[in-house]
Each structure stands twice: as C-alpha cells, then as structure tokens.
Amino acid sequence: MGALPAAGRLARYAAALAIVAAAIGVSVAVWHTGATNTLFLLLAGAALAAWATGRGPGLLAASVTVGTALVFRFAEWELPDVDALSIALFVVVTPVIAFITASLRESLTRAQDAEREAVRAQGIAQRTVARLRGVESITDTALSLLQLEELLHELLNRICESLGTDTASVFLVSEDGTELREYSSAGLREQLNEHPLVPIGRGFAGRVAVERRAIAVEDLHAIEVVSTLLRERMMSVMGAPLLYRDRLVGVLTAATVQRRSFSPEELRLFSLVADRMARAIDHAQLFTRMQSTSDELRAALAERDEVIARNDEIQAELTLLVEASGGLIESLDIDKMLPRILHLSSDVLQADAYAVWSVNADGSAWDMRASAGLSPEYLRQFARIAVTPDTMRLPQPLAARDVSEHDALKERLAGYRREGIRSLLALPMQIAGETTGSLTFYFRSPHEASDLELRVGGALANLAAAALNSSRLNEEERTARAEAEALNERLNFLADASPLLHESLDYEVTLNKLAQLAVPRLADWCSVIVLDENGEGRTVAVAHVDPAKVEFARELQGRYPTDPGAEHGWPQVVRTLQPQLIPEVTDDLLASLDEELVQIVRELGLRSSLVVPLIARDRAIGALSLVTADLHPPLTEADVSFAMELGRRAALAIENARLYSQLQQLFEELQAASAVKDEFLGLVSHELRTPITSVYGNARVLLQHGDLLDDEDRRDALADIERESDRLRRIIENLLILARFDRTHVLETEPVRVERLVEDVAERFRRSTPLRAVHVSAVGGLPLAEAQPTYLELVLNNLLTNADKYSPRDEPIEIDVTRGHDAIEVRVLDRGVGVLPAELTELFSPFYRSNRTRELAGGMGIGLAVCKRIIEAQGSRIWAAPRPDGGTEFGFSLPIQREE
Amino acid sequence: MRRASVLVVDDDAAIGRMLRLALRAAGYDVTLAANGADALARTADGDADVIVLDLEMPVMNGREFYRRLRARGSHAPVVILSAYGAERARIELGAEAAVTKPFEPSELIAVIERVLR
C-alpha cells in the first residue's frame, strides 16, 4: 500500500484530525451534560485511534481499550474521577499519541516497505538483466538457429521459464493478413495438437493484434473474449504484438493457471522479448526464404556443377582422345569412339536406349553408327533413314514427348511401337553449324525433356560431333599419312631401284638386284621371268631374304616347271597383259594343285601373290611375281598399281639393256664399217692417185724436159704412162662394178670360149709383168661357156694381179681350165702365203684385207669382191682354197652353154 | 758445188721412175728405194740431203722407216708423199714437209728446195 499517492495520505491524515476534532467536541458536550462516562470516551478514543491507524497495532490498542472499557462497565467498577483537564488531556493526547504511533508505525512500515521494495527492485533488475541476457541468448540462438519452428519453440520455453508462466504461444499473421495462426507453443499448450486460427480483432490475441500494444489481464473471465485459453483454464494472461519495423508479424502470449497480476516490468520485458522475437521471426522467415532460394540455387548450382563436371569429364576424355590421336593413331578409331559416346550419354542422361546417327558422305541418308538398348530387329530395319524433307536435317534438337505426334518420325512409328519407345530426344551433332549427325535418347515411358537435359545433351552431342569429327579427321589423316608413308616407301624403293635398273646393261644382273631390293620391302618373295625371242619364259631372278629358300625355290621350279599355257600365273599375265592378284591363298585355290605342291605352299606359308606383266612397246617381255608369306603383310589392290609401275620400269630396263646391246652391236659394226670406209678411202685415194701421179708427172717431165731425156728414159716414161693409165682404168672398172653390182644383179651373157680368153689375158699379163711366169693349161674339147667376156677378163686380171702380188717372184702362176659337172672351171694357182680356213669366205668381202698379206702389197681389198659379184651375176660360183703343198687356189665356174 | 742428193722411197716403180726423171732434170742426185727396209739399207752409209717418203708400202711402211731413221740419229729432212693423209702424217711424225699425190713434179721440187734451205 506504500504505493498510495501522497495526496491520499494527506486526506487520510486530515480525516483523522477531523474525527479527533469531532471526538473532542462530543466529549466536551458529554462532559457539559453531566454524563461523564469514561468508558465511552475511552471507547471513542480507541475507536478513533484504531480507525486512524487502520492497522493491526491500532486495532490491538482499540481492542484492549474496548476490552478494558467493557470490563469496567460490566464489573461496574468506578472509574476514578477524571477532571476536566484529564479528560481534555485524554481527548487531546490520545489522538495525538494515536496519530504519532500511527505515523511512526507508518514510517516504520514505509521504511520496511522501501527496503523490501529496494530488494525486490534489485531482484527484478537482476532478473531482468538475466532475462535480457536470456533474451539476448535467445536472439543469438534465433540468429544462429534460423529455423523458425525450432527458434520459436526455444524462445517460448525460455519465456515460460523466465516469466514463470505455464504456457506461452506464438501466433503468426496469415499470408492474407486477416488471421492469426497459432504457430508454436510451449508449456501446457505444447501438448495440444491443434493450432487454432484466430481472426484478427477477436479473442485475446486478436485484440493484442488490433491494439498493437502489450496487454496483461489478471482474470481472463473479466474480459469479453472468446479464447481457447479459457478452455485451458488459464486465468491470467498477457500478450504482446510481434512488430518488426511497424509490420505485424504475429502475437506472443503467455498465461498462468493461477491468477496473477503481471507487473509492468514483466509486461515491458515481455514486450521486449516480443520485439526480439518479431525480429528473429522476420529473420528466420527471411532466412527460410533465403535458404529455400539458396537451396534452389545450390541445387541449380550442383546440377550445373555436375553438368560442368561431366562436360569436363567428356572434355577430358576428348582431350585424352585427341591427345592420344597424336601418338597412338592406331587406337583412335570411330569404332572405339562411338561406344564411348554412348557410355557418356548414359552418364549424362538416363534413357532406355541410345543411338548415334550420322549423315552419310553424300548427305542422302542417316546411318545409325552405334546404339545401346535397341533390339537387333529394330537395328536391322531402321539403321538407315533416307534424308527427305520429312526426315529433315535436324537443325535443332527434337524433343518428342510422344513420338506419334511428330511427322518426321512417322515412318519409324511401327518400329517405335514394337520397341516400346514413347518419347525421344534427338540432339543434333553439329560441326560449324552443319548437322553431321545426332545423339538420340529413347524413352520407353513418356518423358518430357527438361531444359537441363536439352542443354547437357546438346553439349554432349556437340562434343560427340567434335570427337567424331576429330576422330574422322584423324582417321583421314592417318589414312593420308599411311598412304603418304606407303607412297614414300615406294618412292624410296623406286628411287633405290631406278639407278639400279640403269646401273648395268646386263639385265639379268639388274633384275636380280631388283628382286633382292624387293624383299622384304614389297613381299617375301620376288621373281622375274623374261620371255626369250621364242616367247618362252625363263626365270632370271628369284629373291628371298633367306638364300636357302631361294635355292629351294629354284629346285622347286625345276621340279614343277610352269606350263606356258597355264590359265594362271605368269603365262596368263603375259598373255593378257593384266596383273593377277591373289589376296589370299585359299583352299579352293590350292585344290587344283598337286598334293605335294600344296604341302610345299603350306609349309612356306604362302599367303598372297601378285603377278604383273613386264610390258615394253605394248607387248609383254616377261613378268614380275611378288609373293608374301610370314614376313610381309598380304598384298592388296593398293599394291597392284605400284607393282605395275615397278614392272614397267623393269621392262624398260630390260628393253633398254636389249636395245643397248643391239645398239652396241650396231655401233661396233658401224665403227668397223667406218674404219673400213676410212681405210677404203685411203686405199682408193692411194690406188687412184698413184697412177695419176705417174701419168701426170711423166707427162710433165716429157713436156718440160723431153728434149733433155735420152731415148730409153723417154720410152720408159711413155710406157709408164700407158701402163698406169691402164691400171687406172681397171681400178675404176672394179670400183664401178662394186658400186653397181648388188647381189641381185644379173649379167647378160654370151657364149665364150673360155680357154682362149684365158690365154689372151695371160699373154697380156705376161707383157705387163715380164718377170712373172704364167702357165695356162686347158683340157681339149671344152664346150663354150655362158659368160660376159669383158667382166670375165676383169676377173682373170684381178686373180692374176692378186697372185702376182702375194707370191714370190720366181714362183709361176698356173691357170687350169677344166670341165666340171655342167660347167667350165677355171683355177688360178699360186705359191703365195695361202689362206686360212677362217678367211675363205671373208676374202670375198669388199675391202677385206688379210692382216697376213697387208704388209706384202697395197690394194683396196676390192679385187676378190668384184670377182665374186661378177661370177655370181653370171649365175656361177667362185671359191678359194689352200693348195695342199702351199699357196692358194682361186677358182670359179662358168655354166656350159646350152645346146640350142 | 756438189749436187744435192734425194732418196725417193716408194713402192710404186712408176712413181719412182717418174720422180727420178723429174729430179734429175732439176739437178738432183736421185736414189730409189722400194720400201722402208730398202731405204734404211741405202742410207746406212750416209744420209741423203732430202728423203721423199711414201707412207703405204709393203715390208716396211713409211712411218716405221721414219721412226727408225730418227732413232738412228739422222736429221735429214723428210718430205712425206702420200695420196691420203700426208699432212696428218707429217704432223704426227714431225716431218719437215708433206706433198699430197697427185702432184706436179715442180711442186715437189719447190718443197725440196725449201727444206734444203
């Protein structure tokens, strides 16, 4: 009660003074009337005092007074007389004492109250601090927990604990702002499973929400509310709005079963808690929103990371592949790439089946390059799709939730039905904006492709396109490189072979070297067959790295000679001029062969063969045969053109060698001819110029000095002129005959008496050559011969001149004329150096001069040639023969004249 | 004054006779040889002042004779006389002069006079 206002206290003291004054008045009045009843005075005093103090001691004093008065009254004790002073004193003092007593007592009480109050205030302060700390910690908790539900529950527990309430609840404003929903409770209400809705404006919480201030109610029954709290038999309640930045978030309530009056501090604290709570709730809600956003973001990020990770993985794979392509060309092929793409596809996007399609080279069709999860039947039927306007070029992804709804897919609908495919996602594989293929996902249950799937699948498709393209490029590069290498190898071979082919003009040597060079670079075996003039084949070269095998092959060839009429092998190739490739030696091929030969072929491990013709000037001059066994890979079509080229070069080499040898021969002949010609020219010059010199010189001497010469000299000079002129004539005749007469020349003949003509010639010779004896012997009765007499004379003269030139002076020359079978035979016999059998025919060649006789005499070497031509032109023959006892016989026959 | 001597080496007797007539008429002493061997024999006692040498001869040809003559230490001037390749032979052998057949006797005499100077 110490809390009463000062004004009340003064009023009360004033009232007490007024009463005391009234009692004094009454006592004075009673005293004046003679009724001096002390009892009443005492009683009145006591009553006044009691009333004035209004407190226990006063009541006790009043009670003692009243009791004493009653004892005096009923014991009829005589009270001592009280004089007026006493009474006046009593009347005055009593209230004073009573007042002082009361005041003292009041002061005491007040001091005690103040002390108590101070203690209490301190406690409250401490509790408040503690609670504030609690609230701080709650706030901290709130900020750390950030899970609204947990947070509120925690807070409510703390509130119950701090404020000593039996329950605490939080109502949150609904989204539309019209209702409050009990969100969380602690204490007794926590047990309830219901979370009632309270319209704003109704109920206790509703009222708090509307009034937006903290309200405490000691007795819920005293207010006009319908509250669930009542049902819970809650008596006292306080509530505070949850306001955050003037926005109503909800309502916080706390209630006790026991009636309780909440102090303003408690209410204030409660409000404070509510403020904090509002902030926490707001934070929490924000956090929740943030968190869900964050979760969404995180999920999206995670998804993206996953995609990126996969892309990285793919990238890594591709990088690996591309890197590997550099060093390991062999391992980078599309067949390995495609399953990898399918595998990656299944990693990226869950589907029931996968396929990689590509547009073929001429862009006319889609080919399924690889697949997973599709039945063999489907693959058989739908592995190729013609590109038509309907089946399109797939410029963009095709996401078909229902395959039956797409025109482009209608041709394959039946296949999809059988296959149970409901949805598909076809992602174009593009290189530089051009669709080169598609990565297709098939779904057996309806599937709506998500953006992510489209994106990730699209990326994979593009990566796959890049990979396939890279693989294809690598493949092309590999092929090109392999071709270039093969070409290089071959060019190297040709480079090695070419000089070889021209190194030697002995083509057998050349071909052997070529064959050696060919193994094992081109094949395991190499052999060359060359046709001779008769078209018969001869193996001129066989090569294998192992010389023992070469021997074996030669032996084999001896045992199994190739039939020139064979329908296979080199005979066939030489006939048709076409190469013959056997890429694989099959059993069928061997079936026609001899059993032992089959055995040999097997033992040698012969696997493939290639025979090419050696063609020169459009005809076959042989064949080049290549055979592979265990060292060299089997021969293919790719080897044919090269082998043909090699064959062509080898043929050229053979032909060159042959031509060269012909040329060489011709050259030698020409050289010889030239030498002969040179010599002939010299001889002719000599033979002609010598007599001319004599004739001319003698004529000049006779003309200039004729008068100084004696007769003998003059005569000799003139004789020389005549003789040398005749010699000139004969030489010229001989030369003319040689120039005019060829082998077909026929002389007009006439009947000639040969023995007479011989004798005439001999006589003339004797005159011109007086030192030489010439004996003519002729059988009697010889018939006439057919001859041309002028030429016959020339022949005889030539033979006589020769005999004279080449035989010693003292040996006579004999001329025999005899009859042969049907001819007259004339023989000119000398004792000269004779002839060797080897010279017998050559003697009659023009310009031939025997080395043995060259030193003996000059001459042009035409005499005998002229004789031969003249005799043969008359249809007869001429001969030379050594004589048994030395010397030479030159003879000729002349046909006997036929009897007309 | 002594008459200059000329050795004519030629297998052709008619040429030899003709040259003898012509050279004698020109005031030379003339000796004839039918071939190289003959000529070597005829020059054994002493060289002629000039040797007129045919190339194509039996037994020993002109070239052989020339080599032997020079091998023997003779410096007698030699006039090559040939129907064919006389100048070439002169150069090859290193002879003093060459005359190709046929020739006029005065042509040869002029050459002989020249080589004698």
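This is a guided tour of a predicted model, with suggestions for what to select at each stop.

Because the model is predicted, local features need pLDDT of at least 70 and side-chain atom pairs count only at pLDDT 80 or more, while totals for chains, interfaces and linings use all residues. Residues are numbered from 1 along each chain as its sequence is written, chains are lettered from A and ligands numbered from 1 in the order in which they are written, and side-chain values use heavy atoms, with hydrogens and water left out.

**First stop: a five-stranded sheet**

Select strands 13 to 17 of chain A, which form an open sheet of five strands in the order 14-13-17-16-15, with antiparallel pairing. Strands here are DSSP runs of E with at least two residues, helices are runs of H or I with at least four residues, and both are numbered from the N terminus; two strands pair if DSSP finds at least two bridges between them. Strands of a sheet pair through backbone hydrogen bonds, either parallel or antiparallel.

Which strands stand at the edges? They are strand 14 (537-543) and strand 15 (580-582) of chain A, and each has a single partner strand, so one side of each is left without a neighbour in the sheet. On average, neighbouring strands of this sheet are turned by 15° against each other, direction ignored. For such angles, axes are lines fitted to C-alpha atoms, for helices over the stretch in contact, and the angles run from 0 to 180 degrees between N-to-C directions.

Next, select strand 13 (residues 525-531) and strand 17 (residues 619-628) of chain A, which pair in the antiparallel sense over six bridges; within this pairing, Cys526(A) stands opposite Leu626(A) of strand 17. Then add helix 14 (residues 547-559) of chain A, which lies across strand 13 and strand 14 and runs at about 160° to strand 14 of chain A.

**Second stop: another five-stranded sheet**

Move along chain A to the open sheet of five strands with the order 19-21-22-24-23, where the pairing is mixed. Its edge strands are strand 19 (774-778) and strand 23 (878-882) of chain A, each of which pairs on one side only. Strand 22 (residues 823-829) and strand 24 (residues 888-895) of chain A pair in the antiparallel sense over seven bridges, and Val826(A) has Phe892(A) in strand 24 as its bridge partner.

Now show helix 20 (residues 754-768) of chain A, which packs on the sheet and touches strand 19, strand 21 (813-819), strand 22 and strand 24 of chain A, with a direction that makes about 175° with that of strand 19; contact means heavy atoms within 4.5 Å. Helix 21 (residues 789-806) of chain A also packs on the sheet, touching strand 19, strand 21, strand 22 and strand 24, and its direction makes about 175° with that of strand 24 of chain A.

**Third stop: salt bridges**

Side chains of opposite charge can pair when their charged atoms come close. A salt bridge is a side-chain nitrogen of Lys or Arg within 4 Å of a carboxyl oxygen of Asp or Glu, and by this rule the count comes to 39 over all chains.

Select Arg723(A) and Asp720(A), whose side chains meet in a salt bridge at 2.5 Å, N to O. The two residues are three apart in helix 19 (residues 711-740) of chain A, which means that about one helical turn separates them. Are they buried or exposed? Arg723(A) is partly exposed, with a relative accessible area of 34%, whereas Asp720(A) is buried at 1%; buried means under 20% relative accessible area, exposed over 50%, and partly exposed in between (1.4 Å probe, protein chains only).

In chain B, select Glu64(B) and Arg68(B), which form a salt bridge at 3.0 Å, N to O. Both lie in helix 3 (residues 62-71) of chain B, four residues apart, about one turn of the helix.

**Last stop: aromatic pairs**

Over all chains the structure holds five aromatic pairs. Rings of Phe, Tyr and Trp (its six-membered ring) pair if their centres lie within 6.5 Å, and planes under 30 degrees apart count as stacked, over 60 as edge-to-face and the rest as tilted.

Select Tyr354(A) and Phe441(A): the ring centres are 5.6 Å apart and the planes stand at 80°, so the pair is edge-to-face. This pair links distant parts of the chain, with Tyr354(A) in strand 7 (residues 353-359) and Phe441(A) in strand 12 (residues 434-443) of chain A, 87 residues apart. Tyr354(A) is buried at 7% relative accessible area, and Phe441(A) is buried at 0%.

Finish with Tyr416(A) and Tyr442(A), whose ring centres are 6.3 Å apart with planes at 45°, so the pair is tilted. Together with Tyr378(A) and Phe382(A), these two residues form one aromatic cluster.
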